[in-house]
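The following exercises are to be worked through with the sequence and the structure in view. Each task is followed by a solution in steps.

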Amino acid sequence: MASVLDVDALLGDPQTRIIVCCGAGGVGKTTTAAALGLRAAESGRRVVVLTIDPARRLAQSLGLTTLDNTPRPVKDIDDTRGGSLDAMMLDMKRTFDEVVEAHATAEKAEQILANPFYQAVSSSFAGTQEYMAMEKLGQLRLEADRDPDNPRWDLIVVDTPPSRSALDFLDAPKRLGSFLDGRLIRILAAPAKAGGRAYLKVFSAGVNVVTKTLTKILGGQMLNDVQTFVAALDTMFGGFRKRADHTYALLSAPTTTFIVVAAPERDALREALFFIDRLDEEKMPLAGLVVNRMYRVSATSLSAARALGAAEELGDEESLRSSGVGSSGISERTAITQGLLRMHAVQAEIAARHESLAKRFIAGHPGIPMVEVPAASGDIHDLVGLRAVGDALAGH
Amino acid sequence: MAPDAGSVRDTDWDGVRLHIVTGKGGTGKTTVAAALALALAGEGRRVLLAEVEGRQGISQTFDVTPLASAEVRIAHAVHGGEVFGLSVDAKAALLEYLQMYYKLGRAGGVLERFGAIDFATTIAPGVRDVLLTGKVYEAVRRRRDHRAKGPGAAPAYDAVVLDAPPTGRVVRFLNVNHEVADLARVGPIRSQANSITAMLKSPQTVVHLVTLLEEMPVQETVDTIAELRAVGMPIGGVVVNQVREEILTLDVLEAAARSAISRKDVAADLTRVHVRATDALVDGLLAEARDHAERVTLERDEAKAIADLGRPTYRLPSLSEGVDANGVREMAETLMAQGMA
């Protein structure tokens with residue numbers, strides 16, 4: 001018997017402080033994160049939801065009309081149980097700027113912010129969004145814990161960026177952190193320092209190859225920008241690696257849990273599994289898998305094959321009859337029933353496919369707690385829709 | 001053989017050598033790129049299908065062993081056409097590039113040890129994209145006989161299909177020139193970026209967008225087309241994927257939406273063909289029809305938004321069995337029938 005993901009138990013457990021929603025692009029991560037946040041808030045928790053790139057109308061329903069990198073309260077939630085819901089949308093450049101401003105002197109910060117290399121890294125480096133999402137998560141956590149007796153938030157729900165790979169947000173902080181603190185950047189920053197001692201001769205020959213080749217590839221002026229950037233960043237050395245380590249520790253803490261979201265499609269489930277394995281490898285706590293957008297039919301007792309057969313039979317019977325009587329009213333009416341049966345057959349077939357994909361997944365991975373969320377017939381862009389998703393997540 | 005010499009059919013994109021396919025995550029852009037490659041490979045052509053994000057989407061779609069940075073044949077099309085697959089890797093592209101232009105030798109290892117290769121391929125902004133698009137650029141320009149020169153020489157590939165990053169990142173990815181402009185004002189990366197940009201913005205290239213009839217994917221399609229246009233990239237067609245078969249007529253849908261279908265009539269019809277017309281069954285069917293009507297209404301709005309774009313539009317039916325290698329062939333046939341290839 002497969003285990004069930006008990007969302008209400010998870011949201012109700014005061015030990016759950018961070019929930020990370022991850023999965024492939026287009027499976028409904030943002031909606032799931034928002035629905036979990038709303039459900040937790042309406043059950044009495046003080047929640048902040050960090051979204052990365054919400055659909056326009058969903059963002060509006062959460063009151064996210066301005067992108068100002070600060071959590072804002074979501075209006076019209078049911079707060080009778082004493083909960084609250086704040087939401088924010090990540091501005092990665094601003095988050096990065098704030099990191100710099102917080103860790104460098106005013107003068108250095110100004111130099112860094114004006115540097116072309118910094119501007120490029122902070123606005124377009126492929127991992128910056130992931131790095132800054134995790135940075136923001138750390139900041140929210142600090143803010144939440146500022147007053148332990150009266151925490152501003154006791155639950156943070158975070159949506160992960162639509163990355164090249166769903167794992168980028170685990171790797172990007174380390175990658176950027178180790179680069180910014182790494183050997184190469186020190187060499188670039190101060191090539192002269194390396195040449196002094198005898199045993200460093202080989203090292204310095206290596207340095208020459210590196211700088212010469214990088215100059216060839218990137219052009220001397222880009223290297224120059226990098227060097228000024230690094231020099232300006234000098235005071236922050238160590239800080240980036242430390243922050244990356246801190247983020248990593250936060251993600252593997254027992255109060256953090258991951259929810260992997262997938263759609264009932266072969267590729268999305270494969271990616272979800274890949275992600276689950278990776279979490280396991282990193283010893284990060286998995287709450288379970290949400291299989292989103294499961295197609296369901298209402299007339300469950302009628303199979304696709306039987307519905308198609310009945311539609312055909314109805315047509316046959318009709319043509320027999322009309323050769324005798326020929327009343328057009330009946331035929332129009334029958335066409336409706338026939339249409340309903342054919343429509344049902346198509347939907348039942350999709351539902352059966354989704355069901356069998358989910359079943360096979362469960363059979364292959366019985367240890368992974370799972371919950372299925374039915375597909376909604378329209379787009380979800382208001383609190384009513386989010387509440388319905390929340391109900392489904394909780395198995396109602 | 002010139003690219004068009006063997007063609008007897010008119011397609012919407014005659015003369016295009018590079019087809020770039022993008023779309024929101026979950027719309028099936030990799031499958032559509034694969035189907036387009038198969039369709040283009042009809043009539044004995046050679047087509048390269050390339051991916052740049054290391055996802056192995058191509059090998060999974062065609063059910064072949066994972067692709068590496070070497071081009072291998074992954075499928076035969078009808079009449080002897082061939083599709084080759086390539087997973088472009090930035091690191092391999094950089095080392096190949098350095099080898100080609102600088103005869104690097106041992107220095108490659110030193111660069112690797114100092115983290116310089118990682119720096120150039122993952123951290124230096126824009127450089128990675130120049131390397132990835134650069135490899136595609138090279139494949140488009142390559143001659144079948146590498147000694148042959150001039151415009152008459154036969155190309156190695158009649159067409160290249162690029163399974164590009166999703167809509168959220170594609171404009172930045174393709175606009176390499178702008179990305180490196182502030183950083184590399186001179187130097188080889190800059191001139192490489194200039195050549196790539198010239199090709200990407202030429203009539204040889206188009207960017208196709210894959211969407212579903214849902215709010216987010218359509219919104220992203222509309223936004224991305226505007227962004228592509230703003231940076232001067234040539235826009236191709238819009239492929240509407242997973243289109244549901246129209247089963248109920250407009251009248252029936254309207255009646256269903258208003259809950260105006262007679263329960264009694266439906267129950268009587270069902271009984272006539274020996275289906276046990278329980279309340280649950282009849283109500284279930286009517287509820288399904290209502291939901292369906294709601295979906296169809298939304299889909300019509302989205303279809304209108306796509307029509308308003310005024311781009312050539314192709315529709316691929318939803319495959320009830322899901323997409324496997326056979327499904328891709330079916331999709332290729334449909335694209336050919338609609339004139340995309």
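**Exercise 1.** Determine which residue of β5(A) stands opposite Val49(A), and place the two strands within their sheet.

*Solution.* The model is a predicted one, and the steps below are to be read accordingly.
Step 1. The residue facing Val49(A) in β5(A) is Val157(A).
Step 2. The strands concerned are β2 (residues 46-51) and β5 (residues 155-159) of chain A, which pair in the parallel sense over four bridges.
Step 3. Both belong to an open sheet of eight strands with mixed pairing, in the order β3-β4-β2-β5-β1-β6-β7-β8 (chain A). At its edges are β3 (72-73) and β8 (370-374) of chain A, each of which pairs on one side only.

**Exercise 2.** Identify the strands of chain A across which helix α13 lies, and state its direction relative to β6(A).

*Solution.* Step 1. Helix α13 (residues 266-281) of chain A lies across β1 (18-22), β6 (256-262) and β7 (286-294) of chain A.
Step 2. The helix runs at about 160° to β6(A).
Step 3. Helix α16 (residues 383-393) of chain A also packs on the sheet, where it touches β7 and β8 of chain A. The direction of α16(A) makes about 145° with that of β8(A).

**Exercise 3.** Trace the parallel pairings of β7(B) with β6(B) and with β8(B).

*Solution.* Step 1. Four bridges join β6 (residues 205-211) and β7 (residues 235-243) of chain B in the parallel sense. Within this pairing, Val207(B) stands opposite Ile235(B).
Step 2. With helix α10 (residues 215-230) of chain B, these two strands form a right-handed β-α-β unit.
Step 3. β7(B) also pairs in the parallel sense with β8 (residues 313-317) of chain B, over four bridges. Here the bridge partner of Val243(B) is Pro317(B).

**Exercise 4.** Describe the division of chain B into domains, and find which elements of domain 1 touch domain 2.

*Solution.* Step 1. Chain B contains 14 helices and eight strands. Its C-alpha trace spans about 85 × 45 × 35 Å along the principal axes.
Step 2. Domain 1 of chain B comprises 18-244 + 318-337, and domain 2 comprises 245-310. Their centres, taken over C-alpha atoms, are separated by 42 Å.
Step 3. In the contact between them, 10 residues of domain 1 of chain B meet seven residues of domain 2 of chain B. On the domain 1 side, the elements that give two or more residues are α10 and β7 of chain B. Of these, α10(B) gives the most, with four residues.

**Exercise 5.** Name the residues of the largest nonpolar core that touch the most other members.

*Solution.* Step 1. This core has 173 residues, and those that touch the most other members are Leu36(B), Ala37(B), Leu38(B), Leu49(B), Val160(B) and Val161(B).
Step 2. Helix α1 (residues 29-40) of chain B gives the most to this core, with nine residues.
Step 3. If residues up to four places away in sequence are not counted, Val160(B) touches Arg17(B), Leu18(B), Leu48(B), Ala50(B), Val136(B), Ala139(B) and Val140(B).
Step 4. Apart from this core lies another, of 32 residues, including Val297(A), Ala311(A), Met343(A) and Ile247(B).
Step 5. Over chain B as a whole, 48% of the 341 residues count as buried.

**Exercise 6.** Establish whether Asp76(A) is buried or exposed, and do likewise for Glu43(B), buried or partly exposed.

*Solution.* Step 1. Most residues other than glycine have a negative phi. Asp76(A), in contrast, has a positive phi near 70°, and that of Glu43(B) is about 60°.
Step 2. Asp76(A) is found in the loop between β3 and β4 (84-89) of chain A. Glu43(B) is found in the loop between α1 and β2 (46-51) of chain B.
Step 3. Asp76(A) counts as exposed because it has 10 C-beta neighbours inside 10 Å, the limit for this class being 12 or fewer.
Step 4. Glu43(B) has 17 such neighbours inside 10 Å and therefore counts as partly exposed.

Conventions:
Residues numbered from 1 in each chain as written. Chains lettered and ligands numbered in written order. Predicted model: local features only at pLDDT ≥ 70, side-chain atom pairs only at ≥ 80, totals over all residues. Pairing = 2+ DSSP bridges. Contact = placed C-beta atoms within 7 Å. Axes fitted to C-alpha atoms, helices over the stretch in contact; angles between N-to-C directions. Right-handed = clockwise from strand over helix to strand, strands pointing away. Core = buried A, V, L, I, M, F, W, Y, C linked by C-beta atoms within 7 Å. Buried ≥ 20, exposed ≤ 12 C-beta atoms within 10 Å, placed from the backbone. Domains from an automatic or database assignment.
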